[in-house]
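Please find below a short note on the model under review. It is arranged as numbered points, from the whole chain to a single strand.

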Amino acid sequence: MDRSPLYDTFARAPVSFVRGEGCWLETDDGRRMLDFSSGVAVNSLGHAHPKLAAVLSEQAGKLWHVSNLYRIPEQERLARLLCDATFAEKVFFANSGAEAVECAIKTARRYQFVSGHPERTGIITFAGAFHGRTLATLAATGNPKYLEGFGPTPEGFDQVPLGDLKAVEAAITAETAAIMIEPIQGEGGIRLVSGRFLRDLRELADRLGLLLVFDEVQTGIGRTGKLFAYEWSGVTPDIMTSAKGIGSGFPLGACLATAEAAKGMTPGTHGSTFGGNPLACAVGAAVVEIVKAPEFLEHVRSMGLYLKQQLAAVVDDHPDLVAEVRGEGLHIGVRCIVPVGDVAAAMRYQDLLGVAAGENVIRLIPPLIVTRAEIDEAVGRFDRALAALSTAKPG
Ligand SMILES: *Cc1c(COP(=O)(O)O)cnc(C)c1O
C-alpha cells in the first residue's frame with residue numbers, strides 16, 4: 001500500500017468495488033455492501049441505473065465532446081430544464097463542484113464590476129463551510145488545515161459564524177460583493193441553517209446591493225426532498241451552484257444565475273474546455289428529468305422521514321456512542337460521541353457505508369431511490385455496528 005503510485009492525499013478504506021446496482025456495491029472479494037454514502041452524495045440514482053446506462057451508451061455511440069466553440073443541444077436542453085425548474089435564467093456548465101463555485105464567485109464579482117462597483121470584490125462565507133479545493137474555493141472554505149503550506153491565500157473572503165446576522169452585518173464593508181452560504185452545511189456536519197437566517201441574508205443583500213449565492217453542490221438535485229434545498233426556505237438566491245448528484249456519478253457541475261446577476265459574464269470572460277459536453281449533459285438531463293418529478297421528490301421526503309425516525313430509535317438505544325440525528329430529506333447525519341472514524345469502520349464491518357463529516361458526524365446519504373426495506377436493513381446494520389462498538393468499549 002505504501003508503494004502506491006497515487007498521491008497520498010486520501011486516507012482510503014481498505015475496500016474496493018467491482019460493480020454496483022441500485023443501493024448495493026459488490027467488493028472484489030464478493031461482499032455485498034449497502035451504500036449509504038452514494039460516493040459522497042453523488043450517486044443520486046444509485047449505481048448502474050438502467051435509464052442512465054442507456055442514455056450514456058446511446059450518447060457515447062453518437063458524440064462525446066465538441067468544445068464550447070459550438071452550440072451543444074444537449075447542454076441547452078439541460079440548461080432549459082434547470083431554468084424551468086428553478087429561479088435561474090442562465091447556466092454555466094463545469095465539471096465539478098469547485099469549478100461551479102469558482103464560476104459563482106467570478107459571476108458575483110463581475111456583476112459588481114459592470115454595475116459600477118469594481119471595488120466590491122469581497123465574499124462573506126461561514127465557519128464550517130465547504131466550497132471546494134481549488135485555491136479560491138479553499139479561501140472561501142477558510143479551513144486553515146486545508147490552506148497550510150499552499151502559499152498566499154487568495155484575498156477577498158471573510159468568514160463569520162454560521163447563523164450570526166450581527167457578525168454578517170459587521171463584516172460587510174464598501175468592498176463586499178456577495179454572501180455565499182450552503183443552505184445546509186454538508187461537509188461541515190449536516191448543519192442546518194434556519195429559513196429565518198436565509199431570509200435575513202436576502203433582505204440584507206437586497207438592501208446593500210449585494211448578491212446572495214447558495215452553494216447547493218451537495219444539497220441540490222433532490223437530496224433534501226426538494227429539487228434544491230432553497231425551496232424549503234422560500235428564499236431565492238441570485239446565483240446557485242450544483243454538482244455532486246447532477247450527473248449521478250458522471251462528472252458535471254453547474255452555476256445557475258438570474259439574467260441580471262450573470263449580466264457581466266459576456267463573451268470571453270469565462271470558459272471551460274470540457275464543461276457541459278454532450279456526454280455529461282445527456283446524462284445530467286436524464287437525471288434532472290427523473291429527480292424533478294413530484295412523485296420522486298415525495299419518495300425522497302417520505303424515505304428521509306422514515307430513515308430519521310428509525311435512526312432516532314437506534315440513537316436512543318446507544319446514548320454513550322451517538323447523540324443526535326439531523327438533516328432534511330435523505331441528507332442525514334448522526335452526531336457521534338465516540339470518534340466518527342470508529343463508527344464508520346464498525347459500519348463497514350457490517351457491510352454498511354456512510355461518510356464522515358465535520359462535528360464528528362456520520363452521514364447516512366443513500367441513493368435517492370432507496371427503498372423502505374433497504375432503510376430497515378441499513379438501520380439494523382447501523383444498530384449492530386454500534387452494539388459491536390459498545391462491547392468493544394473499555395469500561
Ligand atoms: C463537495 C462540495 C464542493 C466541491 O465539489 P467538488 O466536485 O469536490 O469540487 C463544493 N461545495 C459543496 C457544498 C460541496 O459539498
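The points that follow concern overall dimensions, the seven-stranded sheet and its strand pairings.

1. Overall dimensions. The structure is a predicted model. The chain has 395 residues and a radius of gyration of 21 Å, which agrees with the value near 21 Å for a compact globule of that length. Along the principal axes, the C-alpha atoms occupy a box of roughly 65 × 55 × 50 Å.

2. Composition and burial. The chain contains 13 helices and 17 strands. Of the 395 residues, 52% are buried. The accessible surface amounts to about 17,700 Å², and carbon and sulfur atoms account for 54% of that area. If one takes the contacts between residues at least 6 apart in sequence, 73% of them join residues at least 24 apart.

3. Sheet topology. Seven strands form an open sheet in the order 4-12-11-10-7-5-6, and the pairing is mixed. Strand 4 (90-94) and strand 6 (157-160) are the edge strands, each pairing on one side only. From one strand to the next, the twist averages 20 degrees.

4. The edge at strand 6. Strand 5 (residues 122-126) and strand 6 run parallel and are joined by four bridges. Within this pair, Ile124 stands opposite Asp158 of strand 6.

5. The edge at strand 4. Helix 3 (residues 73-85) lies across strand 4 and strand 12 (253-257). The direction of helix 3 is at about 125 degrees to strand 4.

6. Pairing of strand 10. Which strands pair with strand 10 in the parallel sense? One is strand 7 (residues 176-181), through four bridges; here Ile181 has Phe214 of strand 10 as its bridge partner. Another is strand 11 (residues 239-242), which runs parallel to strand 10 and is joined to it by three bridges. In that pair, Asp215 is matched with Thr241 of strand 11.

7. Burial of strand 10. How many of the five residues of strand 10 (residues 211-215) are buried? Five of the five are, and the strand is mostly covered. In a regular strand, side chains alternate between the two faces of the sheet. In strand 10, Leu211, Val213 and Asp215 point one way, whereas Leu212 and Phe214 point the other way. Both sets are buried, which means that each of these residues has under 20% relative accessible area. Asp215 thus appears twice in this note: as a buried residue of strand 10 and as the bridge partner of Thr241.

Note on methods: Residues are numbered from 1 along each chain as its sequence is written. This is a predicted model: local features need pLDDT of at least 70, side-chain atom pairs count only at pLDDT 80 or more; totals for chains, interfaces and linings use all residues. Side-chain values use heavy atoms; hydrogens and water are left out. Two strands pair if DSSP finds at least two bridges between them. Helices (H or I, at least four residues) and strands (E, at least two) are DSSP runs, numbered from the N terminus. Axes are lines fitted to C-alpha atoms, for helices over the stretch in contact, and angles run from 0 to 180 degrees between N-to-C directions. Contact means heavy atoms within 4.5 Å. The radius of gyration is taken over C-alpha atoms; the globule rule is 2.2 Å times the number of residues to the power 0.38. Buried means under 20% relative accessible area, exposed over 50%, partly exposed in between (1.4 Å probe, protein chains only). Accessible areas come from the Shrake-Rupley method with a 1.4 Å probe; for residues, only the protein chains shown count as cover.
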